Amino acid sequence: MSCDLCPRHCAVNRQNGERGYCGESAVVMAGRAALYAWEEPCISGRRGSGAVFFSGCPLHCVYCQNYRISGGNDCGVSVSTDGLADAFLRLQGQGANNINLVTATQFVPQVAAAARKAAALGLTIPFVYNTSSYETVETLKQLSGLVTCYLPDFKYVSEETASTYSHAPDYPETAFKAITQMVKQAGPCEFFGKEEAAQRGVEEGILKKGVIVRHLLLPGHVREACQAVKLLYDAFGDDIYFSLMNQYTPIQGLALPQELNRRVTRREYERFLDYVLDLGVTRAFFQEGPTQKESFIPDWNGEGLGTSPSRE
């Protein structure tokens, strides 16, 4: 079977063990399934988001902080559909507010099957699809009815920037179409009220459905960041939330372009936020405090993906 799950359309037979541009075969590989506290407040809450970090990635940004796992190369552990469903249920049992599927594009069919199985076994918390937005509409449709919350990036509006940093000149057009599909599937943002939160086993105020679009400000790219927000705000208005991040950190060991070998300055971030506020955006998350560090990067030791618990 020729793989066309992502916009690369590399058409390799992953079922036979061939590896696509994502670096993965059809065997699901993941690095970690554990509570994670560093997402937006309405995703993590106080108890944490149940983040499952999948191996491989169809984009391969040159500055990726998770490059050890996103590059494929058998990083992490293999997990079956049953094992993945059990991991979802374990996270719910630990108090997770949601199941946060991080870079799952290359495993969407298996993830969808695991989500259905977990729901049949009693999973009540929502799924969050955490993605670079380098997605096809057809693949996103496989998540309809399963995923209610989307956490996509919108990285670039310039084909040149997308080509230089992510080897994907088609990223701006592709990501915009993907986010449009996410909004179509999820609708405007809604949050759990007290009564329904108690029924579903989540905290009050956690995202129930909708789309939160992230933009990571890159050093020297304030103008493009402003253009990215304007494009989406003009298209979707208050139906989406924005998450505007200043946490870009040059990672040691990566061969970065010279312009990316520094952090974003306070002034750059303030200029970006001033523009967003002047634009009229009111539904947005900003970052404060010391966010520019590598301590947010977890270990990829297979935590939470061990032997399936007995159901007897």
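Visitor: Where is M245 placed?
Guide: M245 sits in strand β9. Strands here are DSSP runs of E with at least two residues, helices are runs of H or I with at least four, and both are numbered from the N terminus. This is a predicted model, in which local features need pLDDT of at least 70, side-chain atom pairs count only at pLDDT 80 or more, and totals for chains, interfaces and linings use all residues. Residues are numbered from 1 along each chain as its sequence is written, and side-chain values use heavy atoms, with hydrogens and water left out.

Visitor: Is M245 buried or exposed?
Guide: M245 is buried, because its relative accessible area is 9%. Buried means under 20%, exposed means over 50%, and partly exposed lies in between, using a 1.4 Å probe and protein chains only.

Visitor: What is M245 in contact with, beyond its neighbours within four places in sequence?
Guide: M245 contacts R214, H215, L216, L217, Y269 and Q287. Contact means heavy atoms within 4.5 Å. Take H215: it is 30 residues from M245 in sequence, and their C-alpha atoms are 6.1 Å apart.

Visitor: New topic. What volume does the largest pocket have?
Guide: The largest pocket has about 1200 Å³. Pockets are found on a 1 Å grid over the protein atoms alone: a pocket is an open set of points with protein on both sides within 12 Å along at least five of seven lines, while a cavity is a set where a 1.4 Å probe fits but cannot get out. Lining residues have an atom within 4 Å of a point. Points are joined across faces, edges and corners, and the volume is the space filled by probe spheres set on them.

Visitor: Which residues lie nearest the centre of that largest pocket?
Guide: E39, Q65, R214, M245 and Q247 do, out of 50 lining residues. So M245 from our start turns up again.

Visitor: Which elements supply the lining of the largest pocket?
Guide: β2 (49-54), α2 (67-70), β5 (127-131), β8, β9 and β10 (284-286) each give at least two residues. By class, the lining has 26 nonpolar, 16 polar and 8 charged residues. Ala, Val, Leu, Ile, Met, Phe, Trp, Tyr, Cys and Pro count as nonpolar, Asp, Glu, Lys and Arg as charged, and the others, Gly among them, as polar.

Visitor: And E40, where is that?
Guide: E40 is in the loop between β1 (29-36) and α1 (41-44). Its relative accessibility is 6%, so E40 counts as buried. Leaving aside neighbours within four places, E40 contacts G45, L151, R214, S243 and F285. R214 is also in contact with M245.

Visitor: How many cavities of 30 Å³ or more are there?
Guide: The whole structure has 2. The largest cavity has a volume of about 70 Å³, and C3, H9 and Q106 are among its lining residues. The second largest has about 30 Å³. K155, Y156, H215, L216, L218, H221 and E224 line that second one.

Visitor: E224? Which helix has that among its buried residues?
Guide: That is α9, whose buried residues are V222, E224, A225, C226, A228, V229, L232, Y233 and F236. They pack against α6 (159-166), α7 (171-186), β8 (207-216), β9 (241-245) and α10 (266-279).

Visitor: What span should α9 have?
Guide: α9 has 15 residues, 222-236, so at 1.5 Å a residue it should span 21 Å. The expected span is 1.5 Å times one less than the number of residues. The end C-alpha atoms are 21 Å apart, which agrees. Just after α9, G237 takes a positive phi of about 55°.

Visitor: Rings next. How many aromatic pairs does the search find?
Guide: It finds 14. One of them is Y134 with Y171, a stacked pair at 6.2 Å centre to centre and 20° between the planes. Rings of Phe, Tyr and Trp (its six-membered ring) pair if their centres lie within 6.5 Å; planes under 30 degrees apart are stacked, over 60 edge-to-face, and the rest tilted.

Visitor: Where do Y134 and Y171 sit?
Guide: Y134 is in the loop between β5 and α5 (137-141), and Y171 is in helix α7. They are 37 residues apart, so the pair links distant parts of the chain. Y134 is buried at 1%, and Y171 is buried at 0%.

Visitor: Which residues do ring pairs link into a cluster?
Guide: Y63, Y134, F154, Y156, Y165, Y171 and Y248. Y248 is in the loop between β9 and α10, and it is buried at 2%.
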